[in-house]
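User: I would like a close look at one part of this model, the sheet and what packs on it. Please begin with the overall make-up and then work inward.

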Amino acid sequence: ISATVNNAFNTSMEVGVQVLSMSPNGPRIHCRAYFTFVSLDHHGVKCKVPKVIPETESERDNFILAKERRQLRFKKKEMIETLLSQVLSEGGEKGEDEIRGRAMTDNPEVVRAHPIKSQ
C-alpha cells in the first residue's frame, strides 16, 4: 500500500492510496482511491492543516488534480442540494436518499469505480 498527501486545503487534505503488488515485470497497481480527511483539534473543532508544496512533476500533477476533484465535489454537492430543494418545494413524496441517489446517477460528472482486471 502506498499513500501520498496530494493537496492540503484549509482544514482538509486529499490522500491518494494505491494497492500494489510486485510481479516479475515490476510493480502492478491493483486499485487506487482518494480520501478526504478533515483535521480536528482535541475539542473536535476543525483546524488548519499545513500546506503541501509539490516538488516533482508527478506531485504537481496530483496537486492540481486534487484541487479539481475538490471543485467537482463542491459542484456536485450544490447540484444535489438544488435538486433536493426543488423536489421538496414541489411537494414531492420521494425520500431524501432517493433524491440524492437520482442526482448522483443523473450527474455526468460522476465517475464510477471499475475493478482493475487481473492480467
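How many helices and strands does the secondary structure of the protein chain come to? Then take the sheet strand by strand, and finish with the surroundings of Glu-14 in strand E2.

Analyst: This is a predicted model. The protein chain has two helices and three strands. In sequence order they follow the pattern β-β-β-α-α.

A few totals set the scene. The protein chain has 119 residues, and 18% of them count as buried. Its accessible surface is about 9300 Å². Carbon and sulfur atoms supply 56% of that surface. Among contacts with a separation of 6 or more, 42% link residues 24 or more positions apart.

Now the sheet. It is open, and its three strands are ordered E1-E2-E3 with antiparallel pairing. Strand E1 covers 2-8 and strand E3 covers 26-38; these two stand at the edges. Each has a single partner strand, so one side of each lacks a neighbour in the sheet. On average, neighbouring strands are turned by 20 degrees against each other, direction ignored.

Take the E1 side next. E1 and E2 are antiparallel and share six bridges. One of the pairings puts Ser-2 opposite Gln-18 in E2. The link between E1 and E2 is a hairpin of three residues.

On the other side, strand E2, residues 12-23, meets E3 through twelve bridges. This pair also runs antiparallel. Two pairings help to place the register. Val-17 has Ala-33 in E3 as its bridge partner. Leu-20 stands opposite Ile-29 in E3. Here the hairpin from E2 to E3 uses two residues.

As background, side chains in a regular strand alternate between the two faces of the sheet.

Next comes the helix on the sheet. Helix H1 spans residues 57-89 and lies across E1, E2 and E3. Its direction makes an angle of about 70 degrees with E1.

That brings us to Glu-14, which sits in strand E2. Is Glu-14 buried or exposed? Its relative accessibility is 1%, and the cut-off for buried is under 20%, so Glu-14 counts as buried.

The contacts of Glu-14 show what surrounds this residue. Neighbours within four places in sequence are left aside here. Among the contacts are Thr-4, Val-5, Asn-6, Asn-7 and Phe-9. Glu-14 also touches Tyr-34 and Phe-35. Further contacts of Glu-14 include Ala-66, Arg-69 and Arg-73. Ala-66 is 52 residues away from Glu-14 along the chain, yet their C-alpha atoms are separated by 6.6 Å.

Several of these contact residues take part in charge-over-ring arrangements. Arg-69 lies over the face of Tyr-34, 3.7 Å from the ring centre. Both Arg-69 and Tyr-34 are in contact with Glu-14. Phe-9, another contact of Glu-14, has the charged end of Arg-70 over its ring, 4.2 Å from the centre. As for pairs of aromatic rings, the count is one.

To put the picture together: E2 pairs with E1 over six bridges and with E3 over twelve. Helix H1 lies across the three strands. Glu-14, in E2, is buried at 1% relative accessibility.

Notes
Residues numbered from 1 in each chain as written. Predicted model: local features only at pLDDT ≥ 70, side-chain atom pairs only at ≥ 80, totals over all residues. Heavy atoms only, no water. Phe/Tyr/Trp six-rings, centres within 6.5 Å; stacked < 30°, edge-to-face > 60°. Lys NZ or Arg CZ within 6 Å of the ring centre and 35° of its normal. Pairing = 2+ DSSP bridges. Helix = DSSP H or I, 4+ residues; strand = E, 2+ residues; numbered from the N terminus. Axes fitted to C-alpha atoms, helices over the stretch in contact; angles between N-to-C directions. Contact = heavy atoms within 4.5 Å. Buried < 20%, exposed > 50% of the residue type's maximum accessible area, 1.4 Å probe, protein only. Areas by Shrake-Rupley, 256 points an atom, 1.4 Å probe, with all protein chains shown as cover.
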